[in-house]
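I opened the notebook to record what could be looked up in one protein chain. The entries are kept in the order in which I made them.

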Amino acid sequence: MTKHILLLHGPNLNLLGTRQPEVYGSTTLADINAAAEGHLAAFEVKLRTAQSNHEGALVDRLHDARDWADGVVFNPGAYTHTSIALRDAIVAIELPVIEVHLSNVHGREAFRHQSMLAGVCLGQIAGFGWHGYILAMDALLRRWDLLPA
Ligand code: DQA
């Protein structure tokens with residue numbers, strides 16, 4: 001049966017490519033979505049992508065995913081460090097969610113070391129730039145036995 005993934009991007013990630021390229025790289029959001037799409041083409045997996053700068057809109061996207069997705073790859077941007085609402089949404093939807101960060105948040109300012117979300121996610125991937133999204137997809141593919149363990 002076809003699996004479905006939501007690739008969800010949080011605030012300021014619409015600016016990727018021009019936003020602090022020394023931290024986040026020169027890859028745009030469209031590039032990342034295309035790379036994820038390309039990676040999944042070999043599998044029976046369909047991808048939907050979304051980005052929002054608004055916390056409530058991200059909560060709505062997560063709720064909506066409950067009706068159609070089998071897993072979520074999520075870069076919550078700065079809401080990672082603040083949002084109890086997103087944490088509660090992740091718990092509520094009962095889907096495997098993988099938290100992704102382009103940068104290694106643990107090597108940056110102290111306020112980025114804490115994630116409100118990681119504890120309720122399947123896991124967290126940070127510091128590998130755009131490739132982190134591919135690693136997260138592979139984690140879901142392995143979970144579904146679509147990749148060898
Ligand atoms: C980020 C890390 C966050 O701390 C930051 O607020 C972002 C991007 C990352 O992908 O490295 O917006 O999530």
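The entries below go from the whole chain to single residues.

**Entry 1. Status of the model.** I note at the outset that this is a predicted model.

**Entry 2. Secondary structure.** I looked up the elements of the protein chain and found five helices and five strands. I then read them along the sequence, and the pattern is β-α-α-β-α-β-α-β-β-α. The radius of gyration is 14 Å, close to the 15 Å from the globule rule for 149 residues, so I record the chain as being as compact as a globular protein of that length.

**Entry 3. Overall extent and surface.** Along the principal axes, I find that the C-alpha atoms fill a box of roughly 40 × 30 × 25 Å. For the accessible surface of the protein chain I note about 7300 Å², with 51% of that area belonging to carbon and sulfur atoms. Of the 149 residues, 45% are buried.

**Entry 4. Contacts along the sequence.** I considered the contacts between residues at least 6 apart in sequence. Of these, 76% join residues at least 24 apart.

**Entry 5. Charges.** How far apart are the mean positions of the positive and negative charges? I looked up 11 positive and 15 negative charges, and their mean positions are 1 Å apart.

**Entry 6. Salt bridges.** Side chains of opposite charge can pair when their charged atoms come close. I therefore looked for such pairs with a limit of 4 Å between a side-chain nitrogen of Lys or Arg and a carboxyl oxygen of Asp or Glu. The count is two salt bridges. In one, Glu109 meets Arg108 at 3.8 Å, N to O. In the other, Glu109 meets Arg112 at 2.7 Å, N to O. I record Arg108, Glu109 and Arg112 as linked in a network of salt bridges.

I also looked up the exposure of two members of the network. Glu109 is partly exposed, at a relative accessible area of 33%. Arg112 has a relative accessible area of 17%, and I enter Arg112 as buried because the cut-off for that class is under 20%.

**Entry 7. Backbone angles.** Most residues other than glycine have a negative phi. I looked for exceptions and entered two residues. Asn12, which is not a glycine, has a positive phi of about 75°. Gln20 is likewise not a glycine, and its phi is positive at about 35°.

Where in the chain is Asn12 placed? I find Asn12 in the loop between β1 (3-9) and α1 (21-24). Gln20 is also placed in the loop between β1 and α1. As to exposure, Asn12 is partly exposed, with a relative accessible area of 36%. Gln20 counts as partly exposed too, at 37% relative accessibility.

**Entry 8. Lys46.** I located Lys46 in strand β2, which covers residues 45-51. Is Lys46 buried or exposed? Its relative accessible area is 51%, and I enter Lys46 as exposed. Not counting residues up to four places away in sequence, Lys46 touches Thr2, Lys3, His4 and Ile5. For the pair Lys46 and Ile5, I note 41 residues of separation along the chain and 6.3 Å between C-alpha atoms.

**Entry 9. Val59.** I located Val59 in helix α3, residues 55-65. Val59 is buried, with a relative accessible area of 14%. Which residues are in contact with Val59, leaving aside its neighbours within four places in sequence? I list Ala85, Leu86 and Ala89. I also looked up the separation of Val59 from Val120: the two are 61 residues apart in sequence and 15 Å apart in space, C-alpha to C-alpha.

**Entry 10. Ile84.** I located Ile84 in helix α4, which covers residues 84-93. At 49% relative accessibility, Ile84 counts as partly exposed. I then looked up its separation from Lys46 and found 29 Å, C-alpha to C-alpha, across 38 residues of sequence.

Notes
Residues are numbered from 1 along each chain as its sequence is written. This is a predicted model: local features need pLDDT of at least 70, side-chain atom pairs count only at pLDDT 80 or more; totals for chains, interfaces and linings use all residues. Side-chain values use heavy atoms; hydrogens and water are left out. Helices (H or I, at least four residues) and strands (E, at least two) are DSSP runs, numbered from the N terminus. The radius of gyration is taken over C-alpha atoms; the globule rule is 2.2 Å times the number of residues to the power 0.38. Buried means under 20% relative accessible area, exposed over 50%, partly exposed in between (1.4 Å probe, protein chains only). Contact means heavy atoms within 4.5 Å. Accessible areas come from the Shrake-Rupley method with a 1.4 Å probe; for residues, only the protein chains shown count as cover. Lys and Arg count as positive and Asp and Glu as negative; His and the chain ends are not counted. The place of a charge is taken as NZ of Lys, CZ of Arg, CG of Asp or CD of Glu.
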